[in-house]
Amino acid sequence: MKKIEAIIKPFKLEDVKDALSDIEISGMTITEVKGYGRQQGHTELYRGAEYVVDFLPKVKIELVVKENDVQTAINTIAEAAKTGKIGDGKIFVSPIERIIRIRTGEENEDAV
């Protein structure tokens, strides 16, 4: 099993969620986060004053999938989140050693 973490633009969340649902991946955790990568933030004008926005709003999606579904999930997220502009985000994949469903005690793939 693998944990997939994707950092995407907030307005792409519904597109990604719907695309994952289409491939029958429904369990996920969403967190509103802030950060920056190569884009290094940007400047904005507010009431005549210019200021720097260092950390941009993003959304972090976390999901755990079976080994067979990893590449499909990655491709789906990348396709749904892509705008072709700087700041589209990143996808991280990590191994998962063990999962326990608290309510039933099920473990690993049975708990996903």
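This report describes the sheet, the helices, the salt bridges and a few single residues of one protein chain, seen in a predicted model.

**The sheet and its pairings**

At the centre of this description stands an open sheet of four strands, whose order is 2-5-1-6 and whose pairing is antiparallel. Its edges are formed by strand 2 and strand 6, each of which pairs on one side only. On average, and with direction ignored, neighbouring strands of this sheet are turned by 20° against each other. As general background, the strands of a sheet pair through backbone hydrogen bonds, and they may do so in a parallel or an antiparallel manner.

Following the order from one edge, strand 2, which covers residues 29–35, is joined to strand 5 by seven bridges, and the two run antiparallel. Within this pairing, Gly-35 has Leu-56 of strand 5 as its bridge partner. Strand 5 is also joined to strand 1 by seven bridges, again with the strands running antiparallel, and here Ile-8 stands opposite Val-59 of strand 5. Strand 1 in turn pairs with strand 6 over seven bridges in the antiparallel sense, and in that pairing Ile-4 stands opposite Val-93 of strand 6.

How much of strand 5 is buried? Seven of the ten residues of strand 5 are buried, so that this strand can be called mostly covered.

**The helices on the sheet**

Two helices lie across strands of this sheet, and each can be described by the strands that it crosses. Helix 1, made of residues 13–22, lies across strand 1, strand 2 and strand 5, and runs at about 10° to strand 5. Helix 2 lies across strand 1, strand 5 and strand 6, and runs at about 5° to strand 1.

**Salt bridges**

How many salt bridges does a search of the whole structure find? The search finds nine, and three of them are set out in the table below, with the separation of nitrogen and oxygen and the relative accessibility of each partner.

| Salt bridge | N to O separation | Relative accessibility of the partners |
|---|---|---|
| Glu-67 and Lys-2 | 3.9 Å | Glu-67 45%, Lys-2 22% |
| Lys-12 and Asp-15 | 3.2 Å | Lys-12 12%, Asp-15 39% |
| Lys-17 and Asp-18 | 3.8 Å | Lys-17 36%, Asp-18 39% |

The salt bridge between Glu-67 and Lys-2 links distant parts of the chain, since Glu-67 lies in the loop between strand 5 (56–65) and helix 2 (70–81), whereas Lys-2 belongs to strand 1 (residues 2–8), 65 residues apart. Glu-67 counts as partly exposed at 45% relative accessibility, and Lys-2 counts as partly exposed at 22%.

In the salt bridge of Lys-12 with Asp-15, Lys-12 counts as buried because its relative accessibility of 12% is under the limit of 20%, while Asp-15, at 39%, is partly exposed.

The salt bridge between Lys-17 and Asp-18 belongs to a wider arrangement, in which salt bridges that share partners join Glu-14, Lys-17 and Asp-18 into one network.

**The segment after strand 6**

Ile-99 is placed in the segment after strand 6 (89–95), and with a relative accessible area of 16% Ile-99 is buried. Leaving aside residues up to four places away in sequence, Ile-99 touches Met-1, Val-64, Glu-106, Glu-107, Asn-108, Ala-111 and Val-112. Although Ile-99 and Glu-109 are ten residues apart along the chain, their C-alpha atoms are separated by 7.7 Å.

Asn-108, one of the residues that Ile-99 touches, also lies in the segment after strand 6. Asn-108 is partly exposed, with a relative accessible area of 29%.

**Backbone angles**

Most residues other than glycine have a negative phi. Against that background, Asn-108 has a positive phi, near 50°, and Glu-24 likewise has a positive phi, near 65°.

Where does Glu-24 lie? Glu-24 is found in the loop between helix 1 and strand 2, and Glu-24 counts as exposed because its relative accessible area of 74% is over the limit of 50%.

Note on methods. Residues numbered from 1 in each chain as written. Predicted model: local features only at pLDDT ≥ 70, side-chain atom pairs only at ≥ 80, totals over all residues. Heavy atoms only, no water. Salt bridge = Lys/Arg side-chain N within 4 Å of Asp/Glu carboxyl O. Buried < 20%, exposed > 50% of the residue type's maximum accessible area, 1.4 Å probe, protein only. Pairing = 2+ DSSP bridges. Contact = heavy atoms within 4.5 Å. Axes fitted to C-alpha atoms, helices over the stretch in contact; angles between N-to-C directions.
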